Amino acid sequence: MTRLVWWANPTLIFPAIVLGTCFVTLLLPESTYDFWGTEKYFDLWMMIVAVAAVCAFSVGSLAGSFLPTFELMPQDRRTHTVLGLLADLAFVFTLFGYVTWAYFAMQRGLSLSALLELVLQPEAGAADRMRESMKTVSGVTTFTQFGPVCVVLTCIQLFSDQYRSAWRFWFYIFALLGLAFLRSIVNSERLALIELMVPAVFMFVLLSQVCARGFFKWMVSIGPFFAIAGVLVIFGLFEYFRSWQYYKTEFDSFGVFVVSRIASYFCTALNNSVLTFYVGELPPWPYFTLTFFWRFPLIANSNYSYYRLTGHDPEDAYMGNLEMFGTQELNNHSGLFAPLIDYGYAGFFVFWLAYGVMSGVLTRLVKERRLAGLIFFPFLLVAILETPRIPYLTSHRTFPSIAFGLACLVAVNLFQSRKR
């Protein structure tokens, strides 16, 4: 059984990230929230609720690690070839999404000269105008979200030492990272890069023999220090084009602005969810933990859409809550408190208990290097890192990759069954 590097262990990083961000959110003074354009709603009681979530997650994770699992492993070269073909298909889907998105964006005014102007001569409002041209096309640009599962499948090909990898998989990695980088600048969507880089780094550390010995093993063990520095640099780069032009007169230095801006995204997300729970209009049916379902095109555009069934639009209501009581600029809602809004206190505890069980099962599977663990654990890792800021794992953006991952399991298991 493979031993996970400490910074990829959910039972360590979930409490650290959740309690750390909640503690900072609690300690920040009212004046900081005033600067961000909102009142402070996060209080000591919500800190206790966050501790309860961590306890539920930890108990569930422990229980999940003992549950029996029934999943076949890719054991030979032919099975590995099937995964390679599935990686090819995922890349084609992702590329189709980006090409289609670029086509519609150019119809709305996106051009190389506009992009160069944003990069070389950034000014207030330039990033917002660029985002207007990058509006998504329902059911089409969703194909770009096959990128994360393509990266995972590609890394299995590249870093499993017992197999020889084709050159095309290196091309897939760099092409997807390059497209995500452009998307992060043009569409102010840093998560597009994070959800590719985190799985790629984790899979390299897990599967590559290079990271298992000597100097490289030591470097891996202190990886979070490099990650923090990298986050500050990358985040600062993107914020320079996005919001620095608005705030440069408010701060003494760009570095102070970057740290403050990072804190604002996480702390206001937690505060916004508490705001909604305390004084806002709550959805009549669960929505924020089920957006992958309600925003699926076949549901969203049918007679069974959330609005047609309930007469309520949770997204509009949420933004209305922020307009009345908070700020619409910093409008993320926390993944930590999304189940509290949807299900109340009892459902909140059950949700994080079940989340922990899933985490325990996937942790065990990835330690055993079984296919389900290799495919889905990287998504869990991204979700944990983003928990204070957004409900990543249950969002519509993860649905294509998770659905494709399930299809991969079915395809491999059917292939192995036929061989027998």
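This tour moves through two helix packings and then the internal cavities of a predicted model.

Begin by selecting helix α7, residues 147-159, together with helix α8, residues 167-186, which pack at an angle of about 145° with their axes 9 Å apart. The crossing of these two helices, α7 and α8, is left-handed. To see the contact itself, show the side chains of Gly 147, Cys 150, Val 151, Thr 154, Cys 155, Gln 157, Leu 158 and Phe 159 on α7, and those of Phe 169, Trp 170, Tyr 172, Ile 173 and Leu 176 on α8. Coloured by class, the contact of α7 with α8 shows 10 nonpolar residues, three polar ones and no charged ones.

Next, select helix α13, residues 254-279, and helix α17, residues 314-325, whose axes lie 10 Å apart and whose packing angle is about 90°; α13 is therefore roughly perpendicular to α17. Here Asn 272, Leu 275, Thr 276 and Val 279 of α13 meet Tyr 318, Asn 321, Leu 322 and Phe 325 of α17. This contact of α13 with α17 is made up of five nonpolar and three polar residues, with no charged residue.

Finally, turn to the cavities, of which there are four with a volume of 30 Å³ or more, the largest having a volume of about 90 Å³. To find this largest cavity, select Gly 335, Trp 352, Tyr 355, Pro 391 and Tyr 392, which are the closest to its centre among the 14 residues that line it. Then add helix α18, residues 338-367, which supplies the largest share of that lining, namely five residues. By class, the lining of the largest cavity holds 10 nonpolar and four polar residues, and no charged ones.

Methods. Residues numbered from 1 in each chain as written. Predicted model: local features only at pLDDT ≥ 70, side-chain atom pairs only at ≥ 80, totals over all residues. Heavy atoms only, no water. Axes fitted to C-alpha atoms, helices over the stretch in contact; angles between N-to-C directions. Helix = DSSP H or I, 4+ residues; strand = E, 2+ residues; numbered from the N terminus. Parallel < 35°, antiparallel > 145°, perpendicular 65-115°, else oblique. Contact = heavy atoms within 4.5 Å. Nonpolar A, V, L, I, M, F, W, Y, C, P; charged D, E, K, R; others polar. Left-handed = near helix turned anticlockwise from the far one by under 90°. 1 Å grid on protein atoms, 1.4 Å probe; cavity = no way out; pocket = protein on both sides within 12 Å on 5 of 7 lines; lining within 4 Å. Points joined across faces, edges and corners; volume = space filled by probe spheres on them.
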